[in-house]
Structures are given as C-alpha cells and as structure tokens.
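Work through the exercises below with the sequence and the coordinates at hand. Each task is followed by a solution in steps.

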Amino acid sequence: MKSHPFNRLGKPAQRALANAGIESLKQLSEVTEKEFMQLHGVGKQALQIIKAEMFEKNLAFAPERSS
C-alpha cells in the first residue's frame with residue numbers, strides 16, 4: 001500500500017490539514033491555493049510537495065473565488 005501523500009509533509013502542515021478536516025488530495029482540491037497557504041503550519045515547502053502530489057493524481061487547487 002502506498003503511503004499517504006500527506007506523510008511527506010512536516011508535522012505542522014499535517015496537523016493543519018487534520019485540524020481543517022482535510023484527509024485527502026481530493027478534499028484539498030476543493031480549496032484554493034490561497035486558503036491552503038493560510039492554514040497555520042503550512043509553508044512554501046508544503047505547497048511544493050502538495051502541488052507535485054496533486055499533479056500526479058491529475059488534481060489541482062480550486063480556482064480563486066471572485067468577491
């Protein structure tokens with residue numbers, strides 16, 4: 001069984017996703033990149049890792065929402 005893609009993230013980023021109730025890349029594709037980056041514990045390295053994991057699964061962050 002392949003390891004969970006979030007396991008590649010640092011512990012603070014893993015906790016941030018858990019606290020936000022995000023358990024999968026599919027769920028993560030429902031938020032914008034900006035929303036992801038606003039989670040406490042998420043930084044540029046986590047963003048790079050997640051983008052690569054999402055790309056492999058043909059997923060992407062949600063488009064930015066207009067006001």
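**Exercise 1. The nonpolar core**

Task: In this predicted model, find which members of the largest nonpolar core touch the most other members, and which helix gives the most to this core.

Solution.
- Step 1. The largest nonpolar core has 17 residues. Those that touch the most other members are Phe6, Leu9, Leu17, Leu28, Phe36, Ile50 and Phe61.
- Step 2. Assign the core to helices: α1 (11-19), α2 (25-28) and α4 (44-56) each supply at least two of its residues. With five residues, α4 gives the most.
- Step 3. Take Leu28 as one of these residues and leave out neighbours up to four places away in sequence. Its contacts are then Phe6, Leu17, Ile22, Phe36, Ile50, Met54 and Phe61.
- Step 4. As background, nonpolar side chains in soluble globular proteins tend to be buried together.

**Exercise 2. The aromatic pair**

Task: Search the whole structure for aromatic pairs, and classify what is found by the angle between the planes.

Solution.
- Step 1. The search returns one pair.
- Step 2. The partners are Phe36 and Phe61, with 5.4 Å from centre to centre and 35° between the planes. Stacked would need under 30 degrees and edge-to-face over 60, so the pair counts as tilted.
- Step 3. Phe36 belongs to helix α3 (residues 33-37) and Phe61 to the segment after α4, so the pair ties together parts 25 residues apart in sequence.
- Step 4. Both Phe36 and Phe61 are buried.

**Exercise 3. Salt bridges**

Task: List the salt bridges of the structure, and decide for Arg8 and Glu53 whether each is buried or partly exposed.

Solution.
- Step 1. There are two salt bridges.
- Step 2. One joins the side chains of Arg8 and Glu53, at 2.7 Å from N to O. Arg8 sits in the segment before α1 and Glu53 in helix α4, so this bridge links distant parts of the chain, 45 residues apart.
- Step 3. The cut-off for buried is under 20% relative accessible area. Glu53, at 6%, is buried, whereas Arg8, at 48%, is partly exposed.
- Step 4. The side chains of Lys51 and Glu33 form a salt bridge at 3.2 Å, N to O. Here the link runs between helix α4, which holds Lys51, and helix α3, which holds Glu33, 18 residues apart.
- Step 5. Lys51 has a relative accessible area of 39% and is partly exposed. Glu33 is partly exposed at 28%.

**Exercise 4. The two sides of α1**

Task: Determine which residues of α1 are buried and what covers them.

Solution.
- Step 1. Ala13, Ala16 and Leu17 are buried in α1.
- Step 2. Viewed down the axis of α1, the buried residues fall within an arc of 95°, so they line one face of the helix.
- Step 3. The face turned away from the buried side carries the exposed residues Lys11, Ala18 and Asn19.
- Step 4. The cover over the buried residues of α1 includes α2, α3 and α4.
- Step 5. After α1 comes Gly21, with a positive phi near 80°.

**Exercise 5. Two residues outside the helices**

Task: Locate Thr32 and Asn58, and state whether Thr32 and Asn58 are buried or exposed.

Solution.
- Step 1. Thr32 is in the loop between α2 and α3. Its relative accessible area is 2%, and Thr32 is therefore buried.
- Step 2. Leaving out residues up to four places away in sequence, Thr32 touches Phe61, Ala62, Pro63, Glu64 and Arg65.
- Step 3. Asn58 lies in the segment after α4 and is exposed, at 73% relative accessible area.
- Step 4. Although not a glycine, Asn58 has a positive phi of about 60°.

**Exercise 6. The whole chain**

Task: Count the helices and strands, and compare the radius of gyration with the globule rule.

Solution.
- Step 1. The protein has four helices and zero strands, and its elements run α-α-α-α from the N terminus on.
- Step 2. The radius of gyration is 11 Å, close to the 11 Å that the globule rule gives for 67 residues, so the protein is as compact as a globular protein of that length.
- Step 3. Along the principal axes, the C-alpha atoms fill a box of roughly 40 × 25 × 20 Å.
- Step 4. Of the 67 residues, 33% count as buried.
- Step 5. Among contacts with a separation of 6 or more, 57% are between residues 24 or more positions apart.

Notes. Residues numbered from 1 in each chain as written. Predicted model: local features only at pLDDT ≥ 70, side-chain atom pairs only at ≥ 80, totals over all residues. Heavy atoms only, no water. Core = buried A, V, L, I, M, F, W, Y, C linked by side-chain atoms within 4.5 Å. Buried < 20%, exposed > 50% of the residue type's maximum accessible area, 1.4 Å probe, protein only. Contact = heavy atoms within 4.5 Å. Phe/Tyr/Trp six-rings, centres within 6.5 Å; stacked < 30°, edge-to-face > 60°. Salt bridge = Lys/Arg side-chain N within 4 Å of Asp/Glu carboxyl O. Arc of directions from axis to C-beta. Rg over C-alpha atoms; globule rule 2.2 N^0.38 Å.
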